[in-house]
Amino acid sequence: MNKTDLVDELALRLGSKRQAELAVETLTDLIIRWVADGKDVRVHGFGVFERANRSARRGRNPRTNADVPIPPVAVPRFRPSDTFRQYVAEPETLPRGRPAARRRPRATDQAS
């Protein structure tokens, strides 16, 4: 699924492609801005978007075999929630007819 597919699917639920596009654009913009500012974005039942700092290190140029200094850098990271991990591991436990991220799955739940 790409961004266009996501907008199309969301439009089916919201009733308007324009609203769906605005929702996706706004959500991604907010996540990018918060994570770039060093804040975590936690979405219950989905996961955490966060900023991770990689420290400086030494690399190697494969052509010349020379050591190359690699500066420290901040990178985005996503950690899926336990709920998300369970649904990926066991797709048959996904609830039908309601959003998967709404509630935590139980071992006794069955797809209905």
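A residue counts as partly exposed when its relative accessible area lies between the 20% under which a residue is buried and the 50% over which it is exposed. The structure in the viewer is a predicted model.

**First selection: Phe49 and the aromatic cluster**

Select Phe49, which is partly exposed because its relative accessible area is 21%. Add Phe46, whose relative accessibility of 33% also makes it partly exposed.

A search of the whole structure finds five aromatic pairs. In one pair, the rings of Phe46 and Phe49 have centres 6.3 Å apart and planes at 35°, so the arrangement is tilted. Next, bring in Phe78. The ring centres of Phe46 and Phe78 are 5.3 Å apart and the planes meet at 45°, so this pair is tilted as well. The pair links distant parts of the chain, 32 residues apart: Phe46 belongs to the loop between strand S1 (41-43) and strand S2 (47-54), while Phe78 belongs to strand S5 (residues 73-80). Phe78 is partly exposed, because its relative accessibility is 32%. To complete the selection, add Phe84: Phe46, Phe49, Phe78 and Phe84 form one aromatic cluster.

**Second selection: helix H1**

Move to H1 (3-14). This helix has twelve residues and spans 16 Å from its first C-alpha to its last, close to the 16 Å expected at 1.5 Å a residue. At the N-terminal end of H1, display the side chain of Asn2, which caps the helix: a side-chain oxygen of Asn2 lies 3.1 Å from the backbone nitrogen of Thr4. Just after H1, select Gly15, where phi is positive at about 90°.

**Third selection: helix H2**

Continue to Ser16, which caps the N-terminal end of H2 through a side-chain oxygen 3.3 Å from the backbone nitrogen of Arg18. Now select H2 itself, residues 17-36. With 20 residues, H2 reaches 28 Å between its first and last C-alpha atoms, close to the 28 Å expected at 1.5 Å a residue.

Which residues of H2 are buried? Colour Ala20, Val24, Ile31 and Val35, which are buried. Rotate the view to look down the axis of H2: the buried residues fall within an arc of 40°, so they line one face of the helix. An α-helix has 3.6 residues a turn, so residues three or four places apart point the same way. What do the buried residues of H2 pack against? Their partners are helix H1, S1 and S2. On the other side of H2, Arg18, Leu22 and Arg33 are exposed.

Two further selections belong with this region. Show Trp34 and Lys39 together: the charged end of Lys39 sits over the ring of Trp34, 4.5 Å from the ring centre. Then select Gly38, which follows H2 and has a positive phi near 90°.

**Fourth selection: Thr83 in helix H3**

From Gly38, draw a distance to Thr83. The C-alpha atoms of these residues are separated by 25 Å, and the residues are 45 places apart along the chain. Thr83 lies in helix H3 (residues 82-89). Is Thr83 buried or exposed? Its relative accessibility is 3%, so Thr83 counts as buried.

**Fifth selection: Ala52 in strand S2**

Return to strand S2 and select Ala52. With a relative accessibility of 8%, Ala52 counts as buried. Expand the selection to its contacts: leaving out residues up to four places away in sequence, Ala52 touches Val73, Ala74, Val75 and Arg77. For a longer distance, draw a line to Met1: its C-alpha atom is separated from that of Ala52 by 26 Å, with their positions 51 residues apart along the chain.

**Sixth selection: Asn65**

Select Asn65, located in the loop between strand S3 (57-60) and strand S4 (67-70). Inspect its backbone: phi is near 65°, a positive value in a residue other than glycine. Asn65 is exposed, because its relative accessible area is 51%.

**Final selection: Thr93**

End the tour in the segment after H3, where Thr93 lies. Thr93 counts as buried, because its relative accessibility is 10%. A polar atom of the Thr93 side chain lies 2.7 Å from the backbone oxygen of Glu90. Display Gln86 and Tyr87 also, since Thr93 is in contact with both, leaving aside neighbours within four places in sequence.

Definitions and conventions:
Residues numbered from 1 in each chain as written. Predicted model: local features only at pLDDT ≥ 70, side-chain atom pairs only at ≥ 80, totals over all residues. Heavy atoms only, no water. Phe/Tyr/Trp six-rings, centres within 6.5 Å; stacked < 30°, edge-to-face > 60°. Buried < 20%, exposed > 50% of the residue type's maximum accessible area, 1.4 Å probe, protein only. Helix = DSSP H or I, 4+ residues; strand = E, 2+ residues; numbered from the N terminus. Lys NZ or Arg CZ within 6 Å of the ring centre and 35° of its normal. Expected span 1.5 Å × (residues − 1). Arc of directions from axis to C-beta. Contact = heavy atoms within 4.5 Å. Polar contact = N/O pair within 3.5 Å; in protein donor to acceptor, adjacent residues only side chain to side chain.
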